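Visitor: I'd like a close look at one part of this structure, with the rest brought in where it helps. Could you take me through it slowly?

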Amino acid sequence: MTTALAGEVVAAADAALAAVSELTSCDLTALDERQLLDVIRAVEKIRRMAESFDNVTIPELEARGIPARYVLRGTSQFVAGLLNLAPSESGARVRHAHELGARVQLSGQISPPLLPGLAAARAAGMVTSKQVDVIIRCLGTLRGAQLPVDELAKAEMFLVEQAELFDAATLAGIAKQLLDTLLPDGTLADERLQQRRRFLSCVPNGEGMHRLTADLDTETAALALTVLHSLAAPKPSADGDRDERTAGQRMHDALRSVLKIAQRSAELPRSAGLPATVLITMTVEQFETRTGLAATSFGQKMSVDQALRIADQACVAWVVHNSKGGVLNYGTTQRCATEKQTLALIARDKGCAFPGCTDPPEWTEKHHVIPWSQGGQTDLNNLVLLCDHHHDRIDSHGWRIVMQAGVPWFVPPRWIDAGQTPRRNHR
Ligand SMILES: [Zn+2]
């Protein structure tokens, strides 16, 4: 890099801007095909070289302490504000500059970039920003796995060579192969890397459902798979029919069970803080006609039937309001079984009470035999423990529950047993 006077740098920036401006206002019709393609290649090189100048300017900003003077959260936030960039864009630029730019030590000494080979190729306009991303991620993983320095340098040169031949998507595949070769025991050994990359989001998919996306660290993935698989096993019905749900649907239902279990655990007095409560609102017309869509406090819509089924469980608060928003009725703690009632239910049912089900009490919810919305009481003679799966199906498949001498019996629908002999769980 040449040393320049302040005036010369400003003049060079002005001249570059003027040159690009002149070029982009040119009429291209006079060019033959070969010339046209040459111009397009030259412009691409200009674009990449201009982008790579971030690797000079960002370290300069940091060496002077300028971002720290203006913002709390570091260089990325400063660059985003300065250039009106999305946080992801400015974050990538700063990440690249930290790997490809010169590093200023505390002593004021300048040391070369972490990835000198990639930095040179980038400055020469040979690689794109996306390719830089791929290479930095791959080398970051190798570095995290404590690969020796000379091996790292070899991997860097190899990837730079490949980047001059292949686009970013193909390069990502090559990088993956390289990782598999160099780290046959797994590529994400470095916990800190996982900590940085861990991620989960649940956002509306625009069709009334939500899309869950996640990169889980090893521990969370192990927990999730163990718990979800244990709950997602197929559950044959009492008449021996196969579970009609797909594997994906069973995993979805398992997640729902986990969340309900977590929510219920919060209703026990010994847990700290406020219980997690789903608040459901509906209008009096909806409540009386059982039609329309009720809303949860998170804004999801569900049918009034579905809402009442959820409201039938212990700790879900709900509100019925009139068209002007006035509250006419609301779910109170009277519907919530007390801890004593819960213990008595566990002693009686020992888990899901549905005939043949082996789910333990922790996986069950309290079902009102006569629905609470139809006047059913919250007492032992009207409550039964059911797992999420059987709670869902008890109505839809036509089963009926009758209490005989304080014990729940299940009356099968006629299409399963013409005599409708009551059955119970002989746990
Ligand atoms: Zn069950």
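How many of the residues of strand β10 (residues 364–368) are buried?

Guide: The count is 5 of 5, so to speak a strand that is mostly covered. Keep in mind that this is a predicted model.

Let's stay with the strand for a moment. In a regular strand the side chains alternate between the two faces of the sheet. In β10, Thr364, Lys366 and His368 point one way, Glu365 and His367 point the other way, and all of them are buried. The partner strand is β11 (residues 383–387), which runs antiparallel to β10 and is joined to it by 5 bridges. If you want a spot to put your cursor on, try histidine 367, which sits opposite valine 384 in β11.

Now compare β13 (407–411). Its side chains alternate too, but here burial follows the faces: Pro408 and Phe410 point to one face and are buried, while Val407, Trp409 and Val411 point to the other and are not. The strand pairing with β13 is β12 (400–404), and those two run antiparallel, with 5 bridges between them. One of the pairings puts methionine 403 in β12 across from its bridge partner, proline 408 in β13. The two strands make a hairpin with 2 residues between them.

Have a look at the turn of that hairpin, too. Most residues other than glycine have a negative phi. Alanine 405 is not a glycine, yet has a positive phi of about 50°. Alanine 405 counts as exposed because it has just 5 C-beta neighbours inside 10 Å, and 12 or fewer is the cut-off for that label.

Asparagine 84 is another non-glycine residue with a positive phi, of about 60°. You'll find asparagine 84 in the loop between α5 and α6, and with 8 C-beta neighbours inside 10 Å, asparagine 84 counts as exposed. Glycines show up with positive phi as well: glycine 398, following helix α17 (residues 388–396), has a phi near 80°, and glycine 65, just after α3, takes a value of about 70°. In α17 itself, Asp388, His389, His390 and His391 are buried.

Phe410 from β13 also leads us into a nonpolar core of 16 residues, whose members include Ala232, Cys357, Leu383 and Phe410. The largest nonpolar core lies apart from that one and has 26 residues; Leu118, Ile135, Cys138, Leu139, Leu159, Ala163 and Ala175 have the most contacts inside it. Helices α5, α6, α7, α8 (129–144), α9 (149–163) and α10 (168–182) each supply at least two residues of this largest core, and α8 gives the most, with 7 residues. Isoleucine 135 is a handy place to see the packing: leaving aside neighbours within four places in sequence, isoleucine 135 is in contact with Leu118, Leu159 and Ala163.

While you're there, glance at lysine 176 in helix α10. With 13 C-beta neighbours inside 10 Å, lysine 176 counts as partly exposed. The C-alpha atoms of lysine 176 and cysteine 138 are 7.6 Å apart, although the two residues are separated by 38 residues along the chain.

Then there's helix α3 (residues 54–63), where the buried residues are Asp54, Asn55, Ile58, Pro59 and Glu62. They cover an arc of only 120° around the axis, which puts them on the same side of α3. What covers them includes α2 (33–52), α4 (66–70), α5 (75–83), α6 (87–100), β1 (103–104) and α7 (116–123).

Stepping back, the chain has 17 helices and 13 strands. Of its 427 residues, 23% count as buried. Among contacts with a separation of 6 or more, 49% are between residues 24 or more positions apart.

And how far should you trust all this? The chain averages a pLDDT of 82, with 83% of the residues scoring at least 70. Confidence is highest in α7, at 96, and lowest in strand β8 (residues 316–321), at a mean of 58. Over residues 268–277 the pLDDT is below 50, and this stretch has 12 contacts in the model beyond near neighbours in sequence.

Technical notes
Residues are numbered from 1 along each chain as its sequence is written. A residue is buried if 20 or more other C-beta atoms lie within 10 Å of its own, exposed if 12 or fewer, and partly exposed in between; C-beta atoms are placed from the backbone. Helices (H or I, at least four residues) and strands (E, at least two) are DSSP runs, numbered from the N terminus. The arc is that of the directions from the helix axis to the C-beta atoms. Two residues are in contact if their C-beta atoms, placed from the backbone, lie within 7 Å. A nonpolar core is a set of buried Ala, Val, Leu, Ile, Met, Phe, Trp, Tyr and Cys residues joined through C-beta atoms within 7 Å. Two strands pair if DSSP finds at least two bridges between them. pLDDT is the predictor's confidence in each residue, from 0 to 100.
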